[in-house]
Amino acid sequence: MERRFSNFLFLGLIISVLAIGGCKVGPDYKAPEPNMPANWVGPAMAAESNLPAATERDIVNWWTTFGDATMTSLVERAVKSNLDLKQAQARILQARAARGIVAAGFWPEASATGSATRSRPAVSADSPRAGAKRSLYEAGLDASWEMDIFGGVRRDIEAAEADIRAAVEDQRDVLVTLTAEVALNYIDLRSFQQQIVIAQNNLEAQKRTAELTRRRFLGGFVGALDAANADSQVATTASVIPLLESSARQAIYNISVLLGQAPAAMLEELSPFALIPPVPPSVPLGVPSDLLRRRPDIRGAEAQIHAARARIGVATSDLFPKFFVSAA
């Protein structure tokens with residue numbers, strides 16, 4: 001009996017080693033290698049144009065290079081409160097939870113049962129006295145473990161980890177788009193405000209010119225056509241100002257929505273006139289050869305390819321037998 005138990009234990013140990021370190025069916029993922037040109041084609045690099053090299057902080061916080069405190073504040077508030085970004089962060093948590101569920105399949109499953117009953121025989125004519133009370137207790141434990149010999153569970157875990165990377169890159173993609181949209185709408189707002197000021201100054205000058213032309217017409221120095229042209233120019237400039245004001249309000253509405261607020265929530269804060277942010281002395285370009293690797297949408301697509309290839313292994317493992325170890 002002792003020898004049979006030793007043989008069974010040795011066989012179980014061998015099966016466990018095969019299950020943990022066994023083969024994984026399905027194709028292995030290999031990162032794609034893009035066919036890059038041998039030389040950089042385009043404008044001169046920062047080092048060649050005597051510009052300071054961009055640091056990682058400059059690239060990540062690129063909006064701070066404009067030196068506009070209001071724009072920096074808007075971007076930071078958008079990062080904290082944007083609803084699309086919060087949704088992308090929730091998808092990361094969902095992917096991590098799904099990975100935990102998938103990884104649970106790599107370990108044994110166990111269930112326990114228990115019951116307790118207490119009874120006393122009923123009083124009858126043959127037995128006028130009640131019998132003694134009886135108590136019955138039962139407990140059970142069942143365990144089952146699927147040996148991952150062909151790697152189906154490990155492929156499923158690999159796919160879940162790739163899903164996590166894809167969700168992270170999706171969140172970064174939303175972050176890049178969000179910061180760009182906030183900065184673009186803010187610069188558009190200040191541009192529209194500057195155009196409104198210029199249009200108003202032009203309107204005042206054109207009104208004075210029209211008045212002088214009208215007086216000259218009454219004095220007989222110019223014809224009626226000149227006076228009509230001057231009035232037409234005033235009307236044209238006056239009609240442009242409402243369009244610019246509407247565009248400025250639309251930019252404020254866009255910024256408010258990007259910050260997760262009602263469209264009119266930022267009107268009081270952003271309506272006052274301010275100058276357009278100055279152009280930074282240098283643009284944080286980074287290394288041109290790393291441009292593709294800095295794009296989160298490309299990295300996310302690679303993670304999705306990795307997950308899809310791993311799930312091929314999961315589907316392939318279903319074609320092979322499954323082995324279980326059970327105990328009760």
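**Exercise 1. In this predicted model, is W62 buried, partly exposed or exposed, and which aromatic pair does W62 form with W63?**

Solution. Start with the accessibility of W62: its relative accessible area is 25%. Buried requires a value under 20% and exposed a value over 50%, so W62 is partly exposed. Now do the same for W63, which has 10% relative accessibility and therefore counts as buried.

Next, look at the two rings. Their centres are 5.7 Å apart, and the angle between the planes is 80°. Planes over 60 degrees apart count as edge-to-face, and that is the class of the W62 and W63 pair. To finish, widen the view a little: ring pairs join W62 and W63 with F66 in a cluster.

**Exercise 2. How many aromatic pairs does a search of the whole structure find, and which parts does the pair of F150 and F320 tie together?**

Solution. The search gives three aromatic pairs. In the one formed by F150 and F320, the centres are 4.7 Å apart and the planes 25° apart, a stacked arrangement. Now place each ring along the chain. F150 sits in the loop between strand 2 and helix 5 (152–218), while F320 sits in the loop between helix 8 (296–317) and strand 3. The pair therefore ties together parts that are 170 residues apart in sequence. As for accessibility, F320 is partly exposed, at 33%.

**Exercise 3. How do helix 5 and helix 8 pack, and are they roughly parallel or roughly antiparallel?**

Solution. Take the angle as your starting point: the two helices pack at about 165°, and their axes are 8 Å apart. An angle over 145 degrees counts as roughly antiparallel, so helix 5 and helix 8 are roughly antiparallel to each other. Their crossing is left-handed. Finally, sort the contact of helix 5 with helix 8 by residue class: there are nine nonpolar, six polar and 11 charged residues.

**Exercise 4. In what order do the three strands form the open sheet, and which are the edge strands?**

Solution. Follow the sheet across: the order is 1-2-3, with antiparallel pairing. Strand 1 (109–119) and strand 3 (323–327) are the edge strands, since each pairs on one side only. From one strand to the next, the twist averages 15°.

Now zoom in on one pairing. Strand 2 (residues 134–147) meets strand 3 in the antiparallel sense over five bridges. For an example you can find in the structure, go to E146, whose bridge partner in strand 3 is F324.

Technical notes
Residues numbered from 1 in each chain as written. Predicted model: local features only at pLDDT ≥ 70, side-chain atom pairs only at ≥ 80, totals over all residues. Heavy atoms only, no water. Pairing = 2+ DSSP bridges. Helix = DSSP H or I, 4+ residues; strand = E, 2+ residues; numbered from the N terminus. Axes fitted to C-alpha atoms, helices over the stretch in contact; angles between N-to-C directions. Phe/Tyr/Trp six-rings, centres within 6.5 Å; stacked < 30°, edge-to-face > 60°. Buried < 20%, exposed > 50% of the residue type's maximum accessible area, 1.4 Å probe, protein only. Parallel < 35°, antiparallel > 145°, perpendicular 65-115°, else oblique. Left-handed = near helix turned anticlockwise from the far one by under 90°. Nonpolar A, V, L, I, M, F, W, Y, C, P; charged D, E, K, R; others polar.
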